[in-house]
Amino acid sequence: MSKKVTWLEIYKDFQRRFPRLSKNAARYQPNGYLSILVYFRDGSQMIYDYMEQSGKLITA
């Protein structure tokens, strides 16, 4: 049986992998399959992909 992964677990994984960036995170929201969109206090955004365990900054 497979374990259900919650959005909070994905965010906690993001915090563990990016400890410096996570200190400036303001909030997050779901963004597709096993990924979240993280909003930072300075207005920047990052998509964190749980499957690839990587983040991509969004540039405007």
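How many salt bridges does a search of the whole structure find? Four turn up, and keep in mind that this is a predicted model. Let's work through some of them.

**Exercise 1.** Work out which residue pairs with Glu9 in a salt bridge, and how exposed each partner is.

*Solution.*
- Step 1: Look for a Lys or Arg side-chain nitrogen within 4 Å of a carboxyl oxygen of Glu9.
- Step 2: Lys3 fits the bill, with its closest N and the O of Glu9 2.7 Å apart.
- Step 3: Check accessibility. Lys3 comes out at 63%, so it's exposed, while Glu9 sits at 28% and counts as partly exposed.

**Exercise 2.** Find the salt-bridge partner of Arg16, and say where the two sit in the helix.

*Solution.*
- Step 1: The side chain of Arg16 meets that of Asp13, at 2.6 Å from N to O.
- Step 2: Both belong to helix α1, which covers residues 7-17, and because they are three residues apart, about one helical turn separates them.
- Step 3: Compare the two ends. Arg16 is exposed at 57% relative accessible area, whereas Asp13 has just 7% and is buried, the cut-off being under 20%.

**Exercise 3.** Take Arg17, find its salt bridge with Asp13, and see what network results.

*Solution.*
- Step 1: The closest N and O atoms of Arg17 and Asp13 are 3.2 Å apart, which makes a salt bridge.
- Step 2: These two are four residues apart in helix α1, so again about one helical turn lies between them.
- Step 3: Arg17 is partly exposed, at 33% relative accessibility.
- Step 4: Through shared partners, the salt bridges tie Asp13, Arg16 and Arg17 into one network.

Notes
Residues are numbered from 1 along each chain as its sequence is written. This is a predicted model: local features need pLDDT of at least 70, side-chain atom pairs count only at pLDDT 80 or more; totals for chains, interfaces and linings use all residues. Side-chain values use heavy atoms; hydrogens and water are left out. Buried means under 20% relative accessible area, exposed over 50%, partly exposed in between (1.4 Å probe, protein chains only).
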